[in-house]
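Here is a first walk through this structure. Have a look at the picture, then read on from one helix outward.

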Amino acid sequence: MKALLIVDGYNVIGAWKDAEKHGWTMDEARDRLQHLLMDYSGYSGEEIVLVFDGYQSDKRLTTEEKHGDLTLVFTKHGETADAYIERMVAQKPKYRQARVATNDGAEQAMVLGSGATRMTARELLRELKQMRKASFDEHASPRIMNRSSLASRLPKDVQEALERLRRGQ
């Protein structure tokens, strides 16, 4: 069973300096966080649940959308993301490894008491940034092949004959 990462979405967006610096709208910040976490789930192999408050919305039901290993959750009217996360952590199997990303102190204490680990929003953002940098660095560095080409294994006279053919001589 995959490890689980549960993210308090608005809490993370509130701690995200890039969102403020670039003046992203709340919709744009939500979308960017969702895409970052989708990339991260592929890199880390974790199942991720991104939870947003529907506390002040008029939604009658909690909505859950599956996007690969990321589940996007909007809680129903009157339910906080904290309450949803606390219930989810309490219901997870004891053997399942889980982490919760939030800055809420009371929620962090509850998470620790339920057998999960906690991380702050800034720790999560730092981890996401490091993952993206490592991924870019890996793809940017040229790979050196330690094998010889087929041509280098041919006798010199055959190499020269092939070269003449290639040049049309």
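## A helix with two sides

Let's start with helix H4. Ala90 and Gln91 are exposed on one side of H4, away from its buried residues. Keep in mind that this is a predicted model. The buried residues of H4 are Ala81, Asp82, Tyr84, Ile85 and Val89. They span an arc of only 165 degrees around the axis, so they sit on the same side of H4. There's a general background to this: an α-helix has 3.6 residues a turn, so residues three or four places apart point the same way.

What covers the buried residues of H4? The cover includes S1, S2, S3, S4 and S5, along with helix H5 (105-113). Just past the helix, the loop between H4 and S5 holds lysine 94. Lysine 94 has 78% relative accessibility, and anything over 50% is exposed, so this residue counts as exposed. Between lysine 94 and methionine 38 there are 25 Å from C-alpha to C-alpha, with the two 56 residues apart in sequence.

## The sheet

Now for the sheet itself. It is an open one made of 6 strands, with mixed pairing, and the order is S3-S4-S2-S1-S5-S6. S3 and strand S6 (117-119) are at the edges with a single partner strand each, so each has one side without a neighbour in the sheet. On average, neighbouring strands are turned by 20 degrees against each other, ignoring direction.

Two helices lie against these strands. H3 lies across S1, S2, S3, S4 and strand S5 (98-101), and runs at about 165 degrees to S2. Helix H4 (residues 81-91) packs on the sheet too, touching S1, S2, S3, S4 and S5, and its direction makes about 165 degrees with that of S1.

## Strand S4, well wrapped

Is S4 buried or exposed? 5 of the 5 residues of S4 are buried, so the rest of the structure largely encloses this strand. Leu70, Leu72 and Phe74 point one way from S4, while Thr71 and Val73 point the other way. That fits a general pattern: in a regular strand the side chains alternate between the two faces of the sheet.

S4 pairs with S2 in the parallel sense, over 5 bridges. Along that pairing, leucine 50 is opposite leucine 72, and phenylalanine 52 is opposite phenylalanine 74. With strand S3 (residues 63-67), S4 runs antiparallel, again through 5 bridges. Here glutamate 64 has valine 73 of S4 as its bridge partner. The hairpin of S3 and S4 has 2 residues between the strands, and glycine 68 takes a positive phi near 65 degrees there.

## The nonpolar cores

Which residues have the most contacts inside the largest nonpolar core? They are Val7, Trp16, Leu33, Leu37, Leu50, Leu124 and Leu128, in a core of 26 residues. At least two core residues come from each of strand S1 (4-8), helix H1 (9-15), helix H3 (26-44), strand S2 (47-52), strand S4 (70-74) and helix H6 (121-140). A second, separate core has 13 residues, among them Val73, Tyr84, Ala98 and Val111.

Leucine 50 is a handy place to look. Leaving out residues up to four places away in sequence, leucine 50 touches Val7, Gly9, Leu33, Gln34, Leu37, Leu70, Thr71, Leu72 and Val73.

## One more helix

Helix H7 (residues 156-167) has 12 residues and reaches 17 Å from first to last C-alpha, close to the 16 Å expected at 1.5 Å a residue. After H7 comes glycine 168, with a positive phi near 80 degrees.

Key
Residues are numbered from 1 along each chain as its sequence is written. This is a predicted model: local features need pLDDT of at least 70, side-chain atom pairs count only at pLDDT 80 or more; totals for chains, interfaces and linings use all residues. Side-chain values use heavy atoms; hydrogens and water are left out. A nonpolar core is a set of buried Ala, Val, Leu, Ile, Met, Phe, Trp, Tyr and Cys residues joined through side-chain atoms within 4.5 Å. Buried means under 20% relative accessible area, exposed over 50%, partly exposed in between (1.4 Å probe, protein chains only). Helices (H or I, at least four residues) and strands (E, at least two) are DSSP runs, numbered from the N terminus. Contact means heavy atoms within 4.5 Å. The expected span of a helix is 1.5 Å times one less than its number of residues. Two strands pair if DSSP finds at least two bridges between them. Axes are lines fitted to C-alpha atoms, for helices over the stretch in contact, and angles run from 0 to 180 degrees between N-to-C directions. The arc is that of the directions from the helix axis to the C-beta atoms.
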